[in-house]
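Please open the structure in your viewer and set it to show a cartoon, with side chains ready to be switched on as you go. The tour below takes one selection at a time and says what is to be found there.

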Amino acid sequence: MYTELTTSNRILMGPGPSDAHPRVLKAMSTPLIGHLDPEFVTIMDEVKTMVQETFLTKNHMTFVVSAPGSAGMETCLVNLLEPGDEVIICINGVFGGRMADIAERCGAKVHKIEKEWGTVVTPDDIKKALDICKKPKLVALVHAETSTGALQPLKEISDLVHNAGGLLMVDAVTSYCGMELRVDDWNIDAIYTGTQKNLSAPPGLSPVSFSDRALEVLENRKTKVQSWFLDLSLVKNYWGGAKRAYHHTAPVSSVYALRESLRIVLEEGLENRWKRHQEVHQVLKTKLENLGFKYLVEEKYRLPNLNSVFLPEGNDEALLRKKLLNEYNIEVGGGLGAFAGKIWRIGIMGESCTLNHVNMLISALQDMKEFKS
């Protein structure tokens, strides 16, 4: 016999998901209605408006993909790229590599800017790539690289890309609602994010937004978008317009949760939220360094909400992570790729970004006899 579903009450301080607000969990228990019900259409309109407000954009083509952040990534690429297009993809961690893979599957010719993990792409790197690929269809990069904790400056690069006639595409999965992100001011043409990090909603949805420049590219395609489900020309009639056309059955309860999490963000205020993440990061940084941890990323390029750190020498990172989870109910993330077994990725995102979370983690480490500071 299967028993009733129960899970441990974890303190989520890894690279995502983060802790959900009780209001978000309560919203998920709201009774289901149909995905074309007039009441649900109103909810969709509200969600779209709130996503525009939190992206700081007036882009009409702003909506939520009914799948996680990787599907948002794919939505941007499959709609904007056709076979033979030349693109520049910036890779300084796992997710830049994933974008390059998808672009190649679209039949694009990919020019890669590959940087050491933990560093960022510079305007000079972009200039050198533009000497080789003078008129790219788009340039794509990761604003906040979850695998390393590196924060990528965007504004100067945006100007270079547009001066070359290209579109700027940005992965904002780990930056959205946790640090400064200005879609219109920075002239971002295609952007996607997820719901499970600084937004503190359940994973499974991907807010996206496209500029008018990007939509012009879409309208001038010579070939069909290779994905039926992610084809903007089809899904846009579900998320906009006076008469909604059936496209797919939206995950109603997840949209409820997203709506409530966005309400919470807007109640706090975006700039207040950015400030909170920075302030809690500074406290965590001081306490970790006092225990002998060292940061992977140079300070001026560090994500405040995703802290990638080397443990003090002599510690078994996997053993300590396991003990944190099993004995203290605290989840932190391990390293990926070349940093597997070498670093921790400590998330302080959204509802998990509090001084209480910092103190629980530090107290647990100090309490463990296996931890060597």
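What follows is a walk through a predicted model, going from a pair of helices to single residues and to points of the backbone.

**A pair of helices**

Begin by selecting helix 2, residues 38–55, together with helix 9, residues 252–268, which pack with their axes 10 Å apart and at an angle of about 40 degrees. An angle over 35 but under 65 degrees is classed as oblique, and helix 2 and helix 9 are therefore oblique to each other. The crossing of these two helices is left-handed. Now switch on the side chains where they meet: from helix 2 the contact takes in Phe40, Ile43, Glu46, Val47, Met50, Val51, Glu53 and Thr54, while helix 9 contributes residues including Val255, Tyr256, Arg259, Leu262 and Leu266. Coloured by class, the contact between helix 2 and helix 9 shows 12 nonpolar residues, one polar residue and four charged residues.

**A helix with two faces**

Next select helix 7, residues 212–219, in which Ala214, Leu215 and Leu218 are the buried residues. If you look down the axis of helix 7, these buried residues fall within an arc of 100 degrees, so they line one face of the helix. An α-helix has 3.6 residues a turn, so residues three or four places apart point the same way. Add strand 2 (61–65), helix 3 (69–80), strand 8 (167–171), strand 10 (206–210) and helix 8 (232–239) to the view, since these are the elements against which the buried residues of helix 7 pack. Then turn to the face of helix 7 that points away from its buried side, where the exposed residues Asp212 and Glu219 are found.

**Three single residues**

Select Ser158, which has its place in helix 6, residues 155–163. Is Ser158 buried or exposed? Its relative accessible area is 0%, so Ser158 is buried. Not counting residues up to four places away in sequence, Ser158 touches Leu168, Trp186 and Asn187.

Move on to Glu331, in strand 13, residues 330–331, which counts as partly exposed because its relative accessibility is 26%. Which residues is Glu331 in contact with, leaving aside its neighbours within four places in sequence? They are Ile11, Leu12, Met13, Gly14 and Leu325. Measure from C-alpha to C-alpha and you should find Glu331 and Gly14 5.6 Å apart in space, although they are 317 residues apart in sequence.

For another pair, select Lys300, in the loop between strand 11 (294–295) and strand 12 (306–310), where a relative accessibility of 60% makes it exposed. Lys300 and Ser18 are 282 residues apart along the chain, and their C-alpha atoms are separated by 24 Å.

**Points of the backbone**

Most residues other than glycine have a negative phi, and most peptide bonds are trans. With that in mind, zoom in on the loop between strand 1 (11–12) and helix 1 (22–28), where Pro17 is placed, and note that the peptide bond from Gly16 to Pro17 is cis, with omega near 5 degrees.

Then select Cys177, in the loop between strand 8 and strand 9 (190–192), which is not a glycine and yet has a positive phi of about 70 degrees. Cys177 counts as buried, at 2% relative accessibility.

Finish at Asn329, in the loop between helix 11 (317–328) and strand 13, a residue that likewise is not a glycine but has a positive phi, here of about 60 degrees. Asn329 is partly exposed, with a relative accessible area of 27%.

Terms used:
Residues numbered from 1 in each chain as written. Predicted model: local features only at pLDDT ≥ 70, side-chain atom pairs only at ≥ 80, totals over all residues. Heavy atoms only, no water. Axes fitted to C-alpha atoms, helices over the stretch in contact; angles between N-to-C directions. Helix = DSSP H or I, 4+ residues; strand = E, 2+ residues; numbered from the N terminus. Parallel < 35°, antiparallel > 145°, perpendicular 65-115°, else oblique. Left-handed = near helix turned anticlockwise from the far one by under 90°. Contact = heavy atoms within 4.5 Å. Nonpolar A, V, L, I, M, F, W, Y, C, P; charged D, E, K, R; others polar. Buried < 20%, exposed > 50% of the residue type's maximum accessible area, 1.4 Å probe, protein only. Arc of directions from axis to C-beta.
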